[in-house]
Amino acid sequence: MTATTHDELLALVSFNADGLVPAIAQQHDTGEVLMMAWMNRDAIAETLGTGRICYYSRSRAGLWRKGETSGQVQHLKELRVDCDGDTLLLLVDQEGVACHTGRRSCFYRAVRDGGVTTILDVESPPERLYGPRDPQ
């Protein structure tokens, strides 16, 4: 992507007061919605430059390269901006699971038959992805 195209894209994005924009990750070939996270200018620039999805982690207050700990990487196929410029859609190729709970998608709960039910099983235990949790 050229610097001009990069600037053209960023001009379309309406960042919130914290300099962030929500980004929805969707599996490019199946349409499966995988997750939602935040991006800032640097995360967008890195994603476009490398082809590997980079988000902004509000809890860590810094860039978060999807899969840097778990190995569950997302590769960018296409980046789309919605009509208002306030949400991004990332068409990705997801390696493994997308959710930190070990499920393919973060959207694993649904309201059905008057209650909330879990609709996706754990595919990869979180301790295998991230190591044992500190019991604190």
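Tutor: Let's start with a definition: helices (H or I, at least four residues) and strands (E, at least two) are DSSP runs, numbered from the N terminus. In this predicted model, Ser105 sits in the loop between strand E6 (88-94) and strand E7 (109-112).

Student: Before we go on, what should I keep in mind about a predicted model?

Tutor: Local features need pLDDT of at least 70 and side-chain atom pairs count only at pLDDT 80 or more, while totals for chains, interfaces and linings use all residues. Residues are numbered from 1 along each chain as its sequence is written, and side-chain values use heavy atoms, with hydrogens and water left out.

Student: How many helices and strands does the chain have?

Tutor: There are three helices and eight strands. Read from the N terminus, their order is α-β-β-α-β-β-β-β-β-β-α.

Student: Is Ser105 buried or exposed?

Tutor: The general idea is relative accessible area: buried means under 20%, exposed over 50%, and partly exposed in between (1.4 Å probe, protein chains only). Ser105 has 2% relative accessibility, so Ser105 counts as buried. Across the chain, buried residues make up 40% of the 136 residues.

Student: Which residues does Ser105 touch?

Tutor: Contact means heavy atoms within 4.5 Å. Leaving out residues up to four places away in sequence, Ser105 touches Glu32, Val33, Leu34, Cys99 and Leu120. Val33 is 72 residues from Ser105 along the chain, yet their C-alpha atoms are separated by 6.8 Å. For the chain as a whole, take the contacts with a separation of 6 or more: residues 24 or more positions apart account for 41% of them.

Student: Where do the polar atoms of the Ser105 side chain find partners?

Tutor: A polar contact is a pair of N or O atoms within 3.5 Å; within protein, one must be able to donate a hydrogen and the other to accept it, and residues adjacent in sequence count only if both atoms are side-chain atoms. For the side chain of Ser105, a polar atom lies 3.4 Å from the backbone oxygen of Leu34, and a polar atom lies 3.0 Å from the backbone nitrogen of Phe107.

Student: Let's try Gln27. With which side chain does the Gln27 side chain make a polar contact?

Tutor: That partner is the side chain of Arg104, at 3.1 Å. Gln27 belongs to strand E1 (residues 21-27), and Gln27 is buried because its relative accessible area is 4%. Beyond four places in sequence, Gln27 touches residues including Glu32, Leu34 and Val92.
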